[in-house]
Amino acid sequence: MAGQQLEKVTLGKSITNGLRKAMEADPKVVLIGEDIGKLGGVFRITEGLQKDFGEDRVIDSPLAESGIVGTAVGMALRGYRPVCEIQFDGFVYPAFDQIVSQVAKMHARALGAVKIPMVIRIPFGGGIGSPEHHSESPEAYFAHTAGLRVVACSNPEDAHWMIQQAVACDDPVIFFEPKRRYHDRAEYDTAASSSPRGLFEANVIRQGTDVTLVGYGPVVKTMLESAAAAEAEGTSIEVIDLRSLSPLPIDTIVASVRKTGRLVVVHEASSFLGMASEISAQVTEQCFYELEAPVIRVGGANIPYPPSRMEEEFLPDLDRILDGVDRALAY
Amino acid sequence: MSDKVVAELQEPTPAVGDGGPDMIQLLTPEGQRVSHPDYDKYVADLTPEDLRSFYRDLVLIRRLDAEGYALQRQGELGLWPSLLGQEAAQVGSGRALRPHDFVFPTYREHGVGFVRGMDPQSSLQLFRGVSQGGWDPQENNFHLYTIVIGAQALHATGYAMGVRMDGNVGTGDPDRDTAVICYFGDGASSQGDVNEAFVYAASFDAPVVFFCQNNQWAISEPVEKQTRIPLFQRARGFGFPGVRVDGNDILATYAVTQHCLDEARNGNGPLLIEAYTYRMGAHTTADDPTKYRVSAEVEEWKFRDPILRLKTLLAHEGMADEAFFTQIDEEADQFAAELREGCVTMATMPGETMWDHVYAEDHPVMEAERAAYLAYKASFEEAN
């Protein structure tokens with residue numbers, strides 16, 4: 001294909017490149033967050049952008065998260081498209097009121113007269129050996145809030161496109177980045193002119209017939225490894241990268257469950273009232289007669305995120321996912 | 001700490017009482033015009049007609065407030081937050097704005113909205129329960145009411161940062177240079193968002209004027225619960241100027257706000273104005289102030305009434321006669337009648353519109369839920 005440019009890029013750098021393209025495409029796109037200027041953010045996602053776009057478009061904020069999101073609301077009202085960086089998942093809570101009471105509701109309160117086209121980027125999930133508040137999975141709080149859209153990328157090519165689509169979206173988007181996958185590399189066409197799929201679509205990334213596995217963000221890679229291991233034992237697993245948590249692309253899951261009859265939902269967040277609970281409820285409502293087994297949730301324990309020396313015991317790994325598959329197959 | 005610093009801290013301007021020597025005043029409670037070297041120039045050009053129109057605004061918004069209170073008591077509004085006593089703070093500051101300036105109100109700025117040209121019905125719809133806001137903020141550059149205390153201070157600051165990024169500060173072109181004004185109260189001064197807004201506004205030289213109406217009470221808590229020092233002095237700690245103005249003096253409020261807006265437009269923002277005033281009524285219609293404050297305090301503040309002192313000036317200086325005051329009262333009666341009529345006939349939107357503006361772009365859950373709701377409603381009609 002003409003102009004094709006296959007490159008091997010990390011997930012982190014894919015977001016950098018996506019942000020760069022979004023800023024080139026629209027001069028109203030501005031970035032705001034802590035340490036995102038000269039340093040390029042603690043994960044270097046905005047590296048080089050302040051140098052190229054200036055301090056007005058890549059704004060080092062004072063150290064106050066409610067301030068990041070609250071001032072971004074004001075910028076959005078002035079016609080800008082702000083992209084906020086929250087440094088770590090556990091630091092988003094000081095901005096919680098601004099996100100759920102201001103960002104999420106402003107469009108509706110104005111009966112559509114104003115838009116809040118804002119992205120809030122949050123590196124999330126564990127597995128990096130950090131102290132507390134650096135490894136959390138707060139996605140369900142935001143998915144529970146009407147007015148927000150919530151997505152999570154899992155691989156470099158998706159990261160490249162999804163961040164651009166999120167910036168272009170006229171609604172506020174909470175953009176979860178799987179921080180332990182920032183350094184994963186994949187080859188894709190970085191010069192492609194459009195995304196292979198919409199921002200709010202799930203992606204069936206492996207076909208199978210016996211069990212459906214659904215997850216998002218950092219566990220997608222683990223799900224694929226689990227499916228490969230299961231295949232060696234004769235179990236055919238279909239794997240779905242959910243990508244969008246709100247709106248929930250339930251049709252893709254339902255279509256798969258109608259085929260396999262079994263569903264295991266995986267995430268790092270605590271399983272109680274997590275995304276898996278909602279998916280379980282909706283699939284049960286829509287596939288009651290097709291289900292061969294209850295929907296199985298494989299999530300984090302219902303405890304505060306543990307000290308990092310114990311996190312391997314908390315996070316869903318290959319064995320725990322396969323244990324979930326076995327439980328589904330036991331019926 | 002040095003003895004000097006300790007002495008300073010022990011001898012602050014009084015947080016309560018008559019506002020202290022730092023308070024800017026151009027019109028005494030007795031209606032006497034007093035001179036101020038820095039602020040006289042901002043009222044020098046006001047004509048008798050201007051002052052009469054100030055008076056009209058004050059009377060009409062007090063009437064709007066009285067009707068809001070009555071409509072709540074009659075079951076037509078769910079709640080009403082009264083502005084009684086704060087008319088001069090709101091009209092004085094609101095009239096100092098230019099059309100392209102932008103206002104971020106709390107939920108009590110019915111008077112500011114009125115002088116911005118908002119349909120007076122607008123402030124009723126939230127409290128009648130027909131919408132959660134309901135107007136286009138861009139129509140009069142008057143943002144939606146914000147109920148979460150202080151949250152709008154960050155919105156105002158971000159908006160002002162955008163104004164600066166647009167290059168609309170310090171150009172010298174009065175049609176271009178833009179200021180943002182953010183209203184909040186003494187209670188909000190304790191909120192994290194207000195303090196973060198001060199930090200952000202200072203850090204980015206944002207052209208925003210923080211307008212704190214210190215009405216002495218945050219529901220039941222007196223201002224001493226929020227602060228040891230006068231609120232305007234807080235600004236100094238954040239690195240920008242703060243000034244206390246007599247919030248019941250429309251001339252001083254108008255002058256000081258003009259000055260601060262000019263400073264902001266010229267690139268010398270942010271600034272803080274503490275409008276020293278009093279909440280004469282309850283916090284809202286759900287509140288009972290007799291449980292926590294003494295009536296003697298309210299009686300004392302009646303002598304500082306913002307409308308009476310302007311009326312005294314107008315009458316004493318021969319700028320208005322009895323016929324004028326009667327005419328304004330009649331206009332207020334007419335205004336009230338229209339307001340009441342508009343309120344009780346305000347349409348409630350049909351249920352299916354609840355899903356209309358949750359998202360700006362298409363959303364499958366909104367469409368599915370709306371369709372399910374309509375099918376559910378239709379099922380009753382079929383059954384009949």
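This note sets out points on the fold of chain A and on backbone features in chains A and B of a predicted model.

1. Overall dimensions of chain A. The C-alpha atoms occupy a box of roughly 60 × 45 × 45 Å along the principal axes. Chain A has a radius of gyration of 20 Å, and this agrees with a compact globule because a chain of 331 residues would then be expected near 20 Å.

2. Secondary structure and packing of chain A. The chain contains 12 helices and 14 strands. Of its 331 residues, 56% are buried. Where contacts link residues at least 6 apart in sequence, 80% of those contacts in chain A are between residues at least 24 apart.

3. Annotated domain. An unreviewed UniProt entry assigns residues 9-184 of chain A to the feature "domain: Transketolase-like pyrimidine-binding". The span 9-184 is 36% helix and 18% strand, and the C-alpha atoms at its two ends are 8 Å apart. The domain name is taken from the record, whereas the composition and the end-to-end distance are computed from the model.

4. Cis peptide bonds. Most peptide bonds are trans. Two exceptions deserve inspection. In chain A, the bond between S246(A) and P247(A) is cis, with omega about 0°. P247(A) belongs to the loop that connects β12 (244-246) with α9 (250-260) of chain A. In chain B, a cis peptide bond links G269(B) to P270(B), again with omega about 0°. The loop holding P270(B) runs between α10 (250-265) and β7 (271-276) of chain B.

5. Positive phi at D35(A). For residues other than glycine, phi is mostly negative. D35(A) is not a glycine, yet its phi is positive, at about 65°. The residue sits in the loop between β2 (29-33) and α2 (49-53) of chain A. D35(A) is classed as partly exposed because it has 16 C-beta neighbours inside 10 Å, and 20 or more would be required for a buried residue.

6. Positive phi at I219(B). Chain B offers a further case: I219(B), also not a glycine, has a positive phi of about 45°. I219(B) is located in the loop between β4 (217-218) and β5 (221-222) of chain B. There are 13 C-beta neighbours inside 10 Å of I219(B), so this residue counts as partly exposed; a count of 12 or fewer would make a residue exposed.

7. Backbone features by chain. To recapitulate, chain A carries the cis bond S246(A)-P247(A) and the positive phi of D35(A). Chain B carries the cis bond G269(B)-P270(B) and the positive phi of I219(B).

Note on methods:
Residues numbered from 1 in each chain as written. Chains lettered and ligands numbered in written order. Predicted model: local features only at pLDDT ≥ 70, side-chain atom pairs only at ≥ 80, totals over all residues. Helix = DSSP H or I, 4+ residues; strand = E, 2+ residues; numbered from the N terminus. Rg over C-alpha atoms; globule rule 2.2 N^0.38 Å. Contact = placed C-beta atoms within 7 Å. UniProt positions renumbered as here; feature names shortened; annotations may be inferred.
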